[in-house]
Amino acid sequence: MPRNVLVVGELNDGAPSATTRELLGAACGIAASGEVGVVLLGAGASAAAPACAGATRAYTSDDAEYDAFRGDQWLRAIVAALDLGDADLVLIAQSTAGRELGPRLAQRRGTAVAMDCTQVVDDGGTWRATRPAYGGNAIATYTFATRPAIATVRPKSFAAVEGDGPATITALPGAGESRTRIVSREPAAAEGLRLEDARVVVSGGRGLGAADGFALLQQLVDTIGRDRAVLGASRAAVDLGWCAQSMQVGLTGRVVAPDLYIAVGISGASQHMSGCSGARTIIAINRDADASIMDFARYGVIGDYKQIVPELIAALRGG
Amino acid sequence: MHLVVCAKQIPDPETPASAFRIDAATNRVVPAPGLPLVLSQFDGIAAEAALRIKEGGTGHKITVISLGEEQAAAAIKQVLAMGADEGVLLRDAAFEDGDSHTTATALAAAIRKLGDVDVVCCGRQAADWDMGQVGLILAELLDWPVAPLAQSVEAVAGGVRVRRGVGDGFETIETSTPAVVTVSNELGTPRYPRLPQIMAAAKKPIVTWGATDLGLDPAKLGAAGRRLVLERLALPTKGGNVRLIEGDTPAEQAAALVAQLRADRVL
């Protein structure tokens, strides 16, 4: 049965973000012959709309006031788009913006949101959303007592689709006032590859023993190649102050799905695995053969990483 | 300034996966024997944020609120021992088996009843369900501005200033008060109460309020009022087919691993 799905998009350098394209892919699978709407806000939004493959309709505002995300401004725009269409389901990325928008939008529309979903299905009129809970120790499935159903979706849970962009573009109002004042913004030094884009991620955890363990892991990254490999970390390593928070992979950090994930001195807490279980191959380098990471890894190397990683670097260089 | 900390008591998230059990009939987690319920870690960090504000000035007061059963008083006492001043336990059969919306409804009514609240500090999410909704819905219900995912919180004239992570960078934002702040783990480790503080906390007042005290309709609370319905809670399936890379020396292990990855065409 056709369903109308509204996707709350995000722009990244003037183009729909990778997660926005994944949400549109998910929406196409769900909508059948229904409408797939996409909301795009900020400078260049209407120019980016045609790149929203899978959408039948776009709701855009090019007001640059939307560029620095402020929840109250975005909520008014999304509510305006919902008033124009008739959505059965709203999909939002589990991003910094989406974490705020999901619950606030649900409350404004008198409905509910399921956060950080990995699956959303329409079961003959019943929306079912599936998501990890208890840090990934459990999988919870929810239904909705109210409409529209809203889900924030974990990045890399769905595939993007190819095809045409929206046939219709409807203008949304400008941003208007905000109760949040942005005092300053500090973009992180944009050096090299983003964690989400890397084909190989080398992550360190508490088992490194000290911050300088990351210097050794960086050598491994350099050996594999900075054009395809990048450093990551567990929350324990971040909380110990050994590395930048921007490197954190996991439930409260970034979600990656590389070809190869090398976990060094990481025990495999569920909240960390929530951020990397989409990797095609996971290698665990750990002293403890019984660590939970071994439940997720394809290959385990048991021993002292300080001895194994230099040999790994040598073996990679040698071949 | 009157600060409120919202605190939730949960099964210990450090419970090893091997001891994690679910009762399929009730869709509830079975607490591991011998492991006590704990204060959700992010709520401890929210308490730390409130305490730093309290210590940064004079005349500040902290009230800690928890919604739960009688045992949730332990979570309240922990935040009192950290340095909060008063506790409120929201306890009523009508609150049970609700969702984020019904929980926020009860918390909002309690905050209105307190009357003079300036800042509410919530953890960014509870470490059991990981939804991260209650603080945001609370802000909507109160119609207060919200500063989510704070890595630091300061009181400024007429408002709060919050530094938070956004995408690949950081931003510093300000909102007027009253406001809700949700606090992230980067703020720092919550302080550990010492014995004299734990003793002193035993003397601090904790009041218990139910739905009637809050003037709330039980039909809109708990299981009767929920909008999001948990249908099934299950254990995830795991790979569990790890292959250990053999070798008598680290060099042999490394060589075997690289050979395997090349055979798999991963490298």
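# A tour of chains A and B

Start where the two chains share a sheet edge: select strand β10 of chain A, residues 138-144, together with β14 of chain B, and you will find six bridges joining the two strands, which run antiparallel. This is a predicted model, so keep that in mind at each stop. To find your register along the pair, show F144(A) and look across to L228(B) in β14(B), which stands opposite.

**Stop 1: a charged pair beside the strands**

Stay on β14 of chain B and show the side chain of E231(B). Its partner is R128(A), and the two side chains meet in a salt bridge with an N to O distance of 2.4 Å. The pair crosses between the chains, with E231(B) in strand β14 of chain B and R128(A) in strand β9 of chain A, residues 126-133.

Next, select R181(A) and E174(B). Here the side chains form a salt bridge too, at 3.1 Å from N to O. How many salt bridges does the rule find across the interface of chain B and chain A? The rule finds seven, while the structure holds 30 over all chains.

**Stop 2: the whole interface between the chains**

Now zoom out and colour the contacts between the chains. You should have 76 residues of chain B in contact with 73 residues of chain A. The size of an interface is often given as the accessible area lost when the parts come together. For chain B and chain A, the buried area is about 6600 Å², and carbon and sulfur atoms give 55% of it. If you would like particular residues to label on the chain B side, pick E140(B), D168(B) and R227(B): they lose the most area to chain A, together 11% of what that side buries.

Turn on polar contacts next. The rule finds 31 residue pairs in polar contact across this interface, counting pairs with both residues at pLDDT 80 or more. On chain B, several elements each supply at least two residues of the side that touches chain A, including α4 (134-142), β9 (146-156), β10 (159-166) and β11 (169-176). Also among them are β14 (228-234), the strand from the start of the tour, and β15 (243-244). Which element gives the most to this side of chain B? Select α7(B), which gives the most with 10 residues. Colouring the chain B side by residue class shows 38 nonpolar, 18 polar and 20 charged residues.

**Stop 3: the domains**

Colour chain A by its domain assignment: domain 1 covers 5-171 and domain 2 covers 195-318. The C-alpha centres of these two domains lie 31 Å apart. Where they meet, eight residues of domain 1 of chain A are in contact with nine residues of domain 2 of chain A. The two domains bury about 680 Å² between them, with 49% of it on carbon and sulfur atoms. On the domain 1 side, show G135(A), R154(A) and K156(A), which lose the most area to domain 2 of chain A and together make up 65% of what that side buries.

What holds for charge pairs here? Across this domain interface the rule finds zero salt bridges, although it does find three residue pairs in polar contact, both residues being at pLDDT 80 or more. By class, the side of domain 1 of chain A that touches domain 2 of chain A has one nonpolar, three polar and four charged residues.

Then switch to chain B, where the assignment gives domain 1 (2-225) and domain 2 (239-267). Taken over C-alpha atoms, 46 Å separate the centres of these two domains of chain B.

**Stop 4: backbone details**

Finish with the backbone. Most residues other than glycine have a negative phi, and most peptide bonds are trans. Select R147(A) and P148(A) to see a cis peptide bond, with omega about -5 degrees. P148(A) sits in the loop between β10 and β11 (149-153) of chain A.

In chain B, go to T177(B) and P178(B), where the peptide bond is cis with omega near 5 degrees. P178(B) lies in the loop between β11 and β12 (179-183) of chain B.

For the last selection, return to chain A and pick A32(A), whose phi is positive, near 55 degrees, in a residue other than glycine. A32(A) is in the loop between α1 (18-31) and β4 (36-41) of chain A.

Note on methods: Residues are numbered from 1 along each chain as its sequence is written. Chains are lettered from A and ligands numbered from 1 in the order in which they are written. This is a predicted model: local features need pLDDT of at least 70, side-chain atom pairs count only at pLDDT 80 or more; totals for chains, interfaces and linings use all residues. Side-chain values use heavy atoms; hydrogens and water are left out. Domain bounds come from an automatic or database domain assignment. Contact means heavy atoms within 4.5 Å. Buried area is the accessible area (1.4 Å probe) that two parts lose on being put together, summed over both. A salt bridge is a side-chain nitrogen of Lys or Arg within 4 Å of a carboxyl oxygen of Asp or Glu. A polar contact is a pair of N or O atoms within 3.5 Å; within protein, one must be able to donate a hydrogen and the other to accept it, and residues adjacent in sequence count only if both atoms are side-chain atoms. Ala, Val, Leu, Ile, Met, Phe, Trp, Tyr, Cys and Pro count as nonpolar, Asp, Glu, Lys and Arg as charged, and the others, Gly among them, as polar. Helices (H or I, at least four residues) and strands (E, at least two) are DSSP runs, numbered from the N terminus. Two strands pair if DSSP finds at least two bridges between them.
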